[in-house]
Amino acid sequence: MSELAERFETHDPGEKQVAEKIRCDACPVMCYIAEGRTGACDRYGNVGGRIVRMDPLTILDHAAETGGAVVPFVAEGEAWGGELVNTGRRFVTAIGAGTTYPDYKPAPFIVSQEVEGVDLVTVVTEGIFSYCGVKVKIDTDRHIGDETATVRSEGEAIGHVTTGEYGSQMLSLGGVHHLTGGSKAEGRATCDALLNLCNRKPVELAIDGGATIIVEAGKAPVIDGKAEHRMRVGCGSATIGMFATQWRGLVDEVVVVDDHITGVVSEHQAGKVLGWQDTGIKIIGRRSTPGRYFKVSEPGLGWGGTTISDPLSILGDWNPKKGARPGLSLLMVSTTGEQFAYYELDDQLKPVEKPFPERLQKSVGLIEDNCEPALCTVLFIGGAGGSLRAGVTENPVNLTRSVQGLKTYVTVGGAPVYVWPGGGITLMVDVTRVPEGAFGYVPTPALVAPIEFTMRRDDYVRLGGYESEIRSVEDILAKGGEYLNPRRGAGAPAGNPWPPLAQLRRANGAK
Ligand code: SF4
């Protein structure tokens, strides 16, 4: 049983309050926590008879951009030393901010800051996302499972294989149906996997009828025990287009084997333009356009994401009337350049493998050189629902309109997000841009993610914000908040812009 599952098991929300236990009301689970213990999610504890958020509130310094350097913790009641964070622009993230529950209460921190003459407000809370999941991009040609095949973690269904992208396989994991719509075990396994993926830990996933993959954000996927190294340079047709000139004069025919589109240089438009001679080659597959073939094989773990280990299996008889002749040379290569072989036709026009010639090494090496490293990318996707929005404004739809109208800038732990068009606030964020360990969970089950809304102060007041709750950064550094946790400074991850001045200037100009 996972650590998370054990915590689900040990928690009893129905237990009676005992004298020394106090109630955490940061989520609907309402744990009663004994002195010196933490609640079911480990994020809150009973310290000296008060509910305390156990992790520090994280404040990013964007001037230093030290890529994660951390200054010492500042304990509750101590003065802020300010070594790092006083050097430039600071951003109070929602990491460690806590959640106010029930929903009508203002968010834990509503921070004001003047930046370049613009008075800004950032509303900061750790959102509880019942509607959330991750989209996983796995850079590989290999067939990991059929589209819609179930993806499992700890034996439970937690998502499915979705439509592949260029050079990558895609998984859609989590979502409210797996979190809360199935068995308890399914919900726990889903929450556990999502939490670990979002916090950049490795997670083993098994696909029904397909591969077992270890996915870790920002790292190479491990497919059936084998680490993937390269993402293909392109489909077989694109590879022909890119490298046709490199092969000209060195070999009579080139076939780039690919599960999607297998390319043949003598027939391909790129070869034709270069004056490539016909070779009488015959590809067993469905011809799409000249020199481009679909379905030369079933998808698999072999050459170019096919099942084949012998590339000659995709060739039919060579036609002497269309150019086939003894001695004709043939290069067969995969889309990553990892597999390659060289053949010459014998007197019966049968290809015979020969030692790989030196003259073709460079072109095969060039394919490999042009392949990017294979990575797993994990995007958290969640919907900031009515309850979360109510902590920002008394009139939640105003926040949605402000976000959609680009007057409010949304971040997750200071990382920029993509907000989907259409209704609601459905956002996506690359978890590698979020400071490590920023995600949590509650046993409902749901994920907890930091979320910050930054806007002009006058816009905030206009949309019905809690004006009387606005505090300065200095006040928050000095006094902390309701959950009594220390504050810590950290260098903002490189590449995360803040404040979103371009956007705020645009909003300013648009007023
Ligand atoms: S699960 Fe966590 S947030 Fe919810 S009541 Fe328990 S300790 Fe508090």
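User: Is Ser-266 buried or exposed?

Analyst: A relative accessible area under 20% counts as buried. In this predicted model, Ser-266 has a relative accessible area of 2%, and Ser-266 is therefore buried. Ser-266 is found in the loop between strand 18 (262-264) and helix 5 (269-273).

User: Which residues is Ser-266 in contact with, leaving aside its neighbours within four places in sequence?

Analyst: With those neighbours set aside, the contacts of Ser-266 are Glu-253, Lys-272, Trp-276, Gln-277, Asp-278, Thr-279 and Ile-281. For one of these, Thr-279, a C-alpha distance is also available: 6.9 Å from Ser-266, across 13 residues of chain.

User: Where is Gly-234 found, and which residues is Gly-234 in contact with?

Analyst: Gly-234 belongs to the loop between strand 16 and helix 4 (236-247). Its relative accessible area is 0%, so Gly-234 counts as buried. Beyond four places in sequence, Gly-234 is in contact with Tyr-166, Thr-239, Met-242 and Thr-335. Tyr-166 is 68 residues away along the chain, yet the C-alpha atoms of Tyr-166 and Gly-234 are separated by 7.6 Å.

User: What can be said of a residue within a strand, such as Leu-330 in strand 21?

Analyst: Leu-330 lies in strand 21 (residues 329-334), and at 1% relative accessibility Leu-330 counts as buried. Not counting residues up to four places away in sequence, Leu-330 touches Val-251, Glu-253, Val-255, Ile-281, Leu-315, Trp-318, Ala-341, Tyr-342 and Tyr-343. The C-alpha atoms of Leu-330 and Glu-344 are 6.1 Å apart, with these positions 14 residues apart along the chain. A charged example in a strand is Arg-90, in strand 6 (residues 90-92). Arg-90 has a relative accessible area of 9% and is therefore buried. A separation of 8.9 Å lies between the C-alpha atoms of Arg-90 and Gln-113, which are 23 residues apart along the chain.

User: How should nonpolar cores be read, and how many residues are in the largest nonpolar core?

Analyst: In soluble globular proteins, nonpolar side chains tend to be buried together. Here the largest nonpolar core has 75 residues, and the members that touch the most others are Leu-171, Leu-173, Phe-380, Phe-439, Phe-453 and Tyr-460. Apart from this core lies another, of 20 residues, including Val-257, Ile-283, Met-332 and Tyr-343. Returning to the largest core, Leu-173 is in contact, outside its neighbours within four places in sequence, with Gly-133, Val-134, Val-136, Val-151, Ile-158, Gly-159, His-160, Leu-194, Leu-197 and Leu-205.

User: Which residues of helix 8 are buried?

Analyst: An α-helix has 3.6 residues a turn, so residues three or four places apart point the same way. In helix 8 (residues 396-404), the buried residues are Asn-398, Leu-399, Thr-400, Ser-402 and Val-403. After helix 8 comes Leu-406, whose phi is positive, near 60 degrees.

User: Which residue other than glycine has a positive phi near 50 degrees?

Analyst: That residue is Asp-224. Asp-224 sits in the loop between strand 15 (222-223) and strand 16 (226-227), and with a relative accessible area of 43% it is partly exposed. Asp-42, also not a glycine, has a positive phi of about 70 degrees. Asp-42 is in the loop between strand 2 (32-33) and strand 3 (44-47), and its 33% relative accessibility makes it partly exposed.

User: Which residues does a cis peptide bond join?

Analyst: The cis bond joins Thr-444 and Pro-445, with omega about -10 degrees. Pro-445 is in the loop between strand 29 (440-442) and strand 30 (446-456).

User: Which residues surround the ligand?

Analyst: The ligand is surrounded by Cys-24, Ala-26, Cys-27, Val-29, Met-30, Cys-31, Gly-39, Ala-40, Cys-41, Arg-43, Tyr-44 and Pro-443. This shell divides into ten nonpolar residues, one polar and one charged. The space that the ligand takes is the second largest cavity.

User: How many helices and strands does the protein have, and what percentage of its residues is buried?

Analyst: There are eleven helices and 32 strands. Of the 511 residues, 54% are buried. Among contacts with a separation of 6 or more, 68% are between residues 24 or more positions apart.

Terms used
Residues are numbered from 1 along each chain as its sequence is written. This is a predicted model: local features need pLDDT of at least 70, side-chain atom pairs count only at pLDDT 80 or more; totals for chains, interfaces and linings use all residues. Side-chain values use heavy atoms; hydrogens and water are left out. A residue is near a molecule or strand if one of its heavy atoms lies within 4 Å of it. On a 1 Å grid over the protein atoms alone, a cavity is a set of points where a 1.4 Å probe fits but cannot get out, and a pocket is an open set with protein on both sides within 12 Å along at least five of seven lines; lining residues have an atom within 4 Å of a point. A molecule sits in a cavity or pocket if more than half of its atoms lie within 2 Å of its grid points. A nonpolar core is a set of buried Ala, Val, Leu, Ile, Met, Phe, Trp, Tyr and Cys residues joined through side-chain atoms within 4.5 Å. Buried means under 20% relative accessible area, exposed over 50%, partly exposed in between (1.4 Å probe, protein chains only). Contact means heavy atoms within 4.5 Å. Helices (H or I, at least four residues) and strands (E, at least two) are DSSP runs, numbered from the N terminus.
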